[in-house]
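Thanks for coming, everyone. Let's look at the rings, then at a pocket. Here it is on screen.

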Amino acid sequence: MLIHESSRQEREPLQLETKRKKPATHPEKPDAYNRIIERIFFRHYEKKASSIEFTREEIPEAAKELKVPVPDNLGDVIYSFRYRRSLPSSILKTCGAGQEWIIESVGTAKYIFRKVSISKIEPQPGLYQIKVPEATPEIVAQHALSDEQALLAKLRYNRLIDIFTGLTTYSLQNHLRTQIKGIQLEIDELYIGIGKSGDQVIIPVQAKGGRDRIGRVQLVQDLTFCKERFSHLTCRPIAAQFMENDAIAMFELTLLEDKVRIVEEKHYKLVPASEISVEDLETMRRGVPKLG
């Protein structure tokens with residue numbers, strides 16, 4: 001049985017999205033976050049450095065130095081730059097061509113900026129959209145609390161993980177929060193799958209909506225979790241993202257030679273069954289060419 005573990009500080013960023021009916025408006029927050037993270041970065045930065053250590057306790061120190069309000073939730077500053085937004089351009093300019101800085105957790109309230117190869121995972125324009133009959137209960141779609149929750153619900157009720165992987169899968173746990181060697185991990189949803197020969201697969205899923213980016217940080221933590229807790233199973237990390245027309249892009253990802261690689265990408269469009277024509281069925285029966 002999986003243990004549901006979390007610290008209050010690491011849990012708060014997710015709660016902010018689900019507990020408030022109307023998001024609070026803080027016009028100064030994006031700029032304040034940028035200024036705080038810049039101050040922390042350049043306090044430690046040395047030319048040609050490939051990693052920079054810092055702690056969460058430096059956030060209120062930097063805020064006071066800059067004379068900006070100390071964030072109510074210190075963890076949200078780190079969470080924002082790890083999963084939702086790019087680091088300030090002043091920080092990115094210190095990278096070489098084809099590189100970027102990411103923030104990794106290395107212990108309780110301890111982090112590092114690490115320089116890595118750029119990994120920009122975005123839906124490929126013009127890829128064929130596979131039509132699937134919409135099976136999401138209307139009441140679920142109506143009351144979803146966030147883009148991420150709506151996407152996870154659509155994946156689950158339309159069995160898109162099964163369709164994408166060719167496996168029979170089952171949701172093991174969603175919004176899993178746990179620790180591996182003192183490092184806090186969060187997984188949007190965890191599936192267990194079985195193939196036609198009986199082989200079993202563990203599938204961590206990251207779901208992205210709105211401005212959230214599919215990124216290296218979450219892929220690495222998913223792989224780390226599976227290696228630690230499910231080393232006897234094959235791990236197949238999957239990322240899903242809403243597209244502009246409400247289609248869903250799905251990616252199977254891996255990490256090879258310290259670079260994020262796309263194993264496979266498919267786009268799905270959920271529609272009423274009556275909108276799937278004979279021509280659509282024929283196209284899908286022949287099979288959509290894989291990415292080369």
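Searching the whole structure turns up eight aromatic pairs. Rings of Phe, Tyr and Trp (its six-membered ring) pair if their centres lie within 6.5 Å; planes under 30 degrees apart are stacked, over 60 edge-to-face, the rest tilted. Keep in mind that this is a predicted model: local features need pLDDT of at least 70, side-chain atom pairs need 80 or more, and totals for chains, interfaces and linings use all residues. Residues are numbered from 1 along each chain as its sequence is written, and side-chain values use heavy atoms, leaving out hydrogens and water.

Take phenylalanine 42 and tyrosine 45. Their pair is edge-to-face, 6.0 Å centre to centre with 80° between the planes. Buried or exposed? Buried means under 20% relative accessible area, exposed over 50%, partly exposed in between (1.4 Å probe, protein chains only). Phenylalanine 42 has 39%, so it is partly exposed. Tyrosine 45, at 22%, is partly exposed too.

Now phenylalanine 225 and phenylalanine 230. This pair is tilted: 5.9 Å between centres, 55° between planes. Phenylalanine 225 is buried at 0%. Phenylalanine 230 is buried at 12%.

Ring pairs also build a cluster: Phe41, Phe42, Tyr45, Phe54, Trp101, Tyr111 and Phe113.

On to the second largest pocket. A pocket here is an open set of points on a 1 Å grid over the protein atoms alone, where a 1.4 Å probe fits, with protein on both sides within 12 Å along at least five of seven lines; lining residues have an atom within 4 Å of a point. This one has 31 lining residues, with Ser86, Glu100, Ser119, Arg213 and Ile214 nearest its centre.
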